[in-house]
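Me: I am new to this structure and would like to understand the terms used for it. Kindly set each value against its definition.

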Amino acid sequence: MDCVFCKIISGEIPSKKLYEDDLCCAFYDANPQAQTHFLVVPKTHISSVSEITEETAPLVAHIFAVIPQLCKKLGLSGYRIINNCGASAGQTVMHLHFHVLSGPTLGERLV
Ligand code: AMP
Ligand code: ZN
């Protein structure tokens with residue numbers, strides 16, 4: 001499958017990997033939008049949030065258990081988790097991913 005994140009997971013494309021286990025992988029965003037900006041992705045290819053099912057939802061729960069552990073390890077006291085679902089909402093890579101951003105430029109609330 002021609003998916004950049006599947007290729008990062010398989011090691012075909014290099015990345016700055018932060019964390020990996022059987023179910024998910026975290027790596028730094030190539031185009032950071034904050035002092036700290038990494039992505040957490042399931043190892044299984046799921047295109048977007050709209051493709052999550054009852055069967056795959058535990059993967060998302062796992063990702064949300066991993067994120068606070070990683071943030072704690074990085075010493076981040078505050079962070080923002082973002083998901084863009086669908087091209088019209090700005091999703092450019094069609095493999096489910098959660099952005100985790102942290103740093104002094106996040107002062108403004110978006111919602
Ligand atoms: P989104 O626009 O929500 O689909 O986010 C895709 C993100 O993936 C963007 O923030 C890109 O900077 C990031 N990205 C694309 N290619 C790579 C790559 N090879 N390594 C790390 N991050 C990437
Ligand atoms: Zn993929």
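Me: What makes up the shell around ligand 1, by class?

Reply: The shell has 8 nonpolar, 7 polar and 1 charged residues. Ala, Val, Leu, Ile, Met, Phe, Trp, Tyr, Cys and Pro count as nonpolar, Asp, Glu, Lys and Arg as charged, and the others, Gly among them, as polar. The model is predicted: local features need pLDDT of at least 70 and side-chain atom pairs pLDDT 80 or more, while totals for chains, interfaces and linings use all residues. Residues are numbered from 1 along each chain as its sequence is written, and side-chain values use heavy atoms, leaving out hydrogens and water.

Me: Which residues surrounding ligand 1 are the closest?

Reply: They are Asp29, Asn84, Thr92, His97 and His99, out of 16 that surround the ligand; a residue is near a molecule if one of its heavy atoms lies within 4 Å of it.

Me: Why is the approach of Thr92 to ligand 1 called a polar contact?

Reply: A backbone N or O atom of Thr92 lies 2.7 Å from an oxygen atom of ligand 1, and a polar contact is a pair of N or O atoms within 3.5 Å, so the term applies. In the side chain of His99, an N or O atom is 2.8 Å from an oxygen atom of ligand 1.

Me: Why is the pair of Phe5 and Phe27 called edge-to-face?

Reply: Rings pair if their centres lie within 6.5 Å, and planes under 30 degrees apart count as stacked, over 60 as edge-to-face and the rest as tilted. The centres of these two rings are 5.2 Å apart and their planes stand at 75°, so the pair is edge-to-face.

Terms used
Chains lettered and ligands numbered in written order. Polar contact = N/O pair within 3.5 Å; in protein donor to acceptor, adjacent residues only side chain to side chain. Phe/Tyr/Trp six-rings, centres within 6.5 Å; stacked < 30°, edge-to-face > 60°.
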